Amino acid sequence: ISEDGSAIKVVAETRNRYEPIKRLGAGGMGEVLLVQDQDIARKVAVKRLLPEACDPILLARFVDEIRTVGRLEHPNIVPVYSLEASRARDIAYSMKLVQGKTLKKLLEETKDLYAANRPIDENHDLDERLQYFLKLCDAIGFAHAKGVIHRDLKPENVMIGRYNELYLM
């Protein structure tokens, strides 16, 4: 891909590196799929543009997103593994598959525990939630120091992994 995102080198492959398993989510421009990486024999997430969102402006914006996120190497920002371009308008990137729950889900669970007057476990207590908040602030501060502003920051775009790791998506 050229620096301005206008030219894309397409490499023909005889097989798909990523075998789709299921759709994890979708937004206005793209979708995220759970896939099996055939080369490394692991599951990863792949984000790609929806076919109806493949106009040149959105395509350039998506390529910019890939490059921007790919440069942000931080423990609390989801790592990008690769850029995939099979046709001029079929662009995607693979990233770490975070298995866990969104920050939104954790906050909803906590609210429900308080509403039901049930005991708050260690995953939902205030100290743990503050630790997540500090990790999120660290990730945002890092991105800001690199000149990057997250334009869709919300609890749904923050993931908490199975081992309590936090990732800004």
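1. In this predicted model, three bridges connect strand E7, residues 158–161, with strand E8, and the two run antiparallel. Within this pairing, Met 159 has Tyr 167 of E8 as its bridge partner, and Val 158 stands opposite Leu 168 of E8. The two strands form a hairpin with four residues between them. In the turn, Asn 164 has a positive phi of about 65°.

2. On the E6 side, three bridges likewise join E6 to E7, and these strands are also antiparallel. The bridge partner of Lys 101 in E7 is Ile 160. The result is an open sheet of three strands in the order E6-E7-E8, with antiparallel pairing. Strand E6 (100–102) and strand E8 (166–168) are at the edges; each has a single partner strand, so one side of each is left without a neighbour in the sheet. On average, neighbouring strands of this sheet are turned by 25° against each other, direction ignored. As a general point, strands of a sheet pair through backbone hydrogen bonds, in either a parallel or an antiparallel manner.

3. Strand E7 merits separate comment. Both of its faces are covered. Val 158 and Ile 160 lie on one side, Met 159 and Gly 161 on the other, and all are buried. Ile 160 is thus a buried residue as well as the bridge partner of Lys 101.

4. Two helices should be considered together with the sheet. Helix H2, residues 103–115, lies across E6 and E7 and runs at about 85° to E6. Helix H3, residues 126–145, packs on the sheet and touches E7 and E8, its direction making about 35° with that of E8.

5. The length of H3 agrees with expectation: its 20 residues reach 28 Å from the first C-alpha to the last, close to the 28 Å expected at 1.5 Å a residue. The buried residues of H3 are Glu 128, Arg 129, Tyr 132, Leu 136, Ala 139, Ile 140 and Ala 143. Viewed down the helix axis, the buried residues of H3 fall within an arc of 115°, so they line one face of the helix. In general, an α-helix has 3.6 residues a turn, so residues three or four places apart point the same way. The buried residues of H3 pack against H2, E7 and E8. On the other side of H3, Asp 127, Leu 134 and Ala 145 are exposed. H3 is followed by Gly 147, which has a positive phi near 85°.

6. The largest nonpolar core holds 17 residues, of which Phe 62 and Ile 91 touch the most other members. Strand E3 (42–49), helix H1 (56–71) and strand E5 (90–95) each contribute at least two residues to this core. H1 gives the most, with four residues. When neighbours within four places in sequence are left aside, Phe 62 contacts Met 29, Lys 47, Arg 48, Leu 49, Ile 91, Ala 92 and Tyr 93.

7. Apart from the largest core lies another, of 14 residues, which includes Leu 72, Leu 103, Ile 140 and Val 158. Two of these members have been met above: Ile 140 is among the buried residues of H3, and Val 158 is buried on one side of E7.

Note on methods:
Residues are numbered from 1 along each chain as its sequence is written. This is a predicted model: local features need pLDDT of at least 70, side-chain atom pairs count only at pLDDT 80 or more; totals for chains, interfaces and linings use all residues. Side-chain values use heavy atoms; hydrogens and water are left out. Two strands pair if DSSP finds at least two bridges between them. Axes are lines fitted to C-alpha atoms, for helices over the stretch in contact, and angles run from 0 to 180 degrees between N-to-C directions. Contact means heavy atoms within 4.5 Å. Buried means under 20% relative accessible area, exposed over 50%, partly exposed in between (1.4 Å probe, protein chains only). The expected span of a helix is 1.5 Å times one less than its number of residues. The arc is that of the directions from the helix axis to the C-beta atoms. A nonpolar core is a set of buried Ala, Val, Leu, Ile, Met, Phe, Trp, Tyr and Cys residues joined through side-chain atoms within 4.5 Å.
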